[in-house]
Amino acid sequence: MLLDYLLSLVSPHICKGCDEVGNGLCESCFFDNISEKYMKCLVCGEVTKRGLCRNCRLGVPFERAFVVGERRGALKRLVGDFKYNSERGNALVIARLLDAVLPVLPTGIVIVPIPTIAPHIRRRGFGHTELVAHHLAKSRHIPCDNRLLLRADNSVQHGLKARERQRQARTTFRLNPRRAVPPEILLLDDIYTTGATMIAAAKLLKKHGAKTINVAIVARQVK
Ligand SMILES: [Zn+2]
Ligand SMILES: [Zn+2]
């Protein structure tokens, strides 16, 4: 965006990896973050090549999972400053990271971001996951639906215990009755902690017609 570009001239962005001037991540730190494939199960953290280990694949309502990396170091700063310090330009870098770790996606797949809660949109002026989804959709030439999955409840999850998150997540989402649920979905979120949010969203989408749900996560919370 022009505004981001102009702002970057006035106050140049710093690379979250090495503190050199760079837009979110410099090329070298960008490469560091994608050069080694993330080899852990999204759910349990066991070593696996496939994103979900054999056991966990049976217990979650999604078929495949793709993760950029663990939530630490440069990735943690990149996502954190994007969400909490409104560094809007990081959306493009995060979308590039996802683009680099995602395989070729089947035709007909639609990107569905986990919607940002309303108070956060008001405070930051943008929905952060929606913005990443928008950039990713553009670079992959696949559609993205930011209005299919809606928040029914806007409470903040931050700081809640695992069980409370699960209970809250179950009633968090609703579907937009004016939208059709596509059979194949790439469900996108920035951080994965207990999985309660992802699982609730995927269950709802499957209940209403989704056949296959692929999950894309930027940063997996370290156990
Ligand atoms: Zn760097
Ligand atoms: Zn597992």
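With which residues is Ile94 in contact, leaving aside its neighbours within four places in sequence? In this predicted model, the contacts of Ile94 outside that window are Leu78, Val79, Phe82, Val132 and Val218. Ile94 and Leu187 are the residues with the most contacts inside the largest nonpolar core, which has 57 residues. Helix α5 gives the most to this core, with 7 residues. In soluble globular proteins, nonpolar side chains tend to be buried together.

The model contains an open sheet of 4 strands, ordered β1-β6-β5-β2 and paired in parallel. Strands β1 (64-70) and β2 stand at the edges with a single partner strand each, so one side of each has no neighbour in the sheet. From one strand to the next, the twist averages 20 degrees. Strands of a sheet pair through backbone hydrogen bonds, either parallel or antiparallel.

The pairings can be described in sheet order. Between β1 and β6 there are 6 bridges in the parallel sense, and Glu70 stands opposite Arg220 in β6. Strands β5 and β6 run parallel and are joined by 8 bridges; Leu186 has Asn214 of β6 as its bridge partner. The parallel pairing of β2 with β5 extends over 4 bridges, with Val112 opposite Leu187 in β5. Leu187 is thus placed both in this pairing and, with Ile94, among the residues with the most contacts inside the core.

Strand β6 comprises residues 212-220, and 8 of its 9 residues are buried, so the strand is largely enclosed by the rest of the structure. Together with β5 and helix α9 (residues 196-207), β6 makes a right-handed β-α-β unit.

Helix α7 lies across β2 and β5 and runs at about 165 degrees to β2. The helix has 13 residues (128-140), which at 1.5 Å a residue should span 18 Å; the end C-alpha atoms are 19 Å apart, in agreement with that expectation. The buried residues in α7 are His128, Thr129, Leu131, Val132, Ala133, Leu136 and Ala137. The elements covering these residues include α4 (73-84), α5 (90-101), β2 (110-113), α6 (118-124) and β5 (184-192). Val132, buried in α7, is also one of the contacts of Ile94.

Two residues in loops have unusual backbone angles for their type. Most residues other than glycine have a negative phi, and most peptide bonds are trans. His141, just after α7, takes a positive phi of about 55 degrees. This residue lies in the loop between α7 and β3 (149-151). His141 counts as exposed because it has 6 C-beta neighbours inside 10 Å. Ser86 has a positive phi near 55 degrees and is placed in the loop between α4 and α5. With 13 other C-beta atoms within 10 Å, Ser86 is partly exposed.

A further group of contacts involves Cys56, which is found in helix α3 (residues 54-59). Cys56 has 18 C-beta neighbours inside 10 Å and therefore counts as partly exposed. Leaving aside neighbours within four places in sequence, Cys56 is in contact with Cys41, Val43 and Cys44. Cys41 and Cys56 are 15 residues apart along the chain, and their C-alpha atoms are separated by 7.9 Å.

Note on methods: Residues are numbered from 1 along each chain as its sequence is written. Chains are lettered from A and ligands numbered from 1 in the order in which they are written. This is a predicted model: local features need pLDDT of at least 70, side-chain atom pairs count only at pLDDT 80 or more; totals for chains, interfaces and linings use all residues. Helices (H or I, at least four residues) and strands (E, at least two) are DSSP runs, numbered from the N terminus. The expected span of a helix is 1.5 Å times one less than its number of residues. A residue is buried if 20 or more other C-beta atoms lie within 10 Å of its own, exposed if 12 or fewer, and partly exposed in between; C-beta atoms are placed from the backbone. Two residues are in contact if their C-beta atoms, placed from the backbone, lie within 7 Å. Two strands pair if DSSP finds at least two bridges between them. Axes are lines fitted to C-alpha atoms, for helices over the stretch in contact, and angles run from 0 to 180 degrees between N-to-C directions. A nonpolar core is a set of buried Ala, Val, Leu, Ile, Met, Phe, Trp, Tyr and Cys residues joined through C-beta atoms within 7 Å. A crossover is right-handed if, with the strands pointing away from the viewer, the path from the first strand over the helix to the second runs clockwise.
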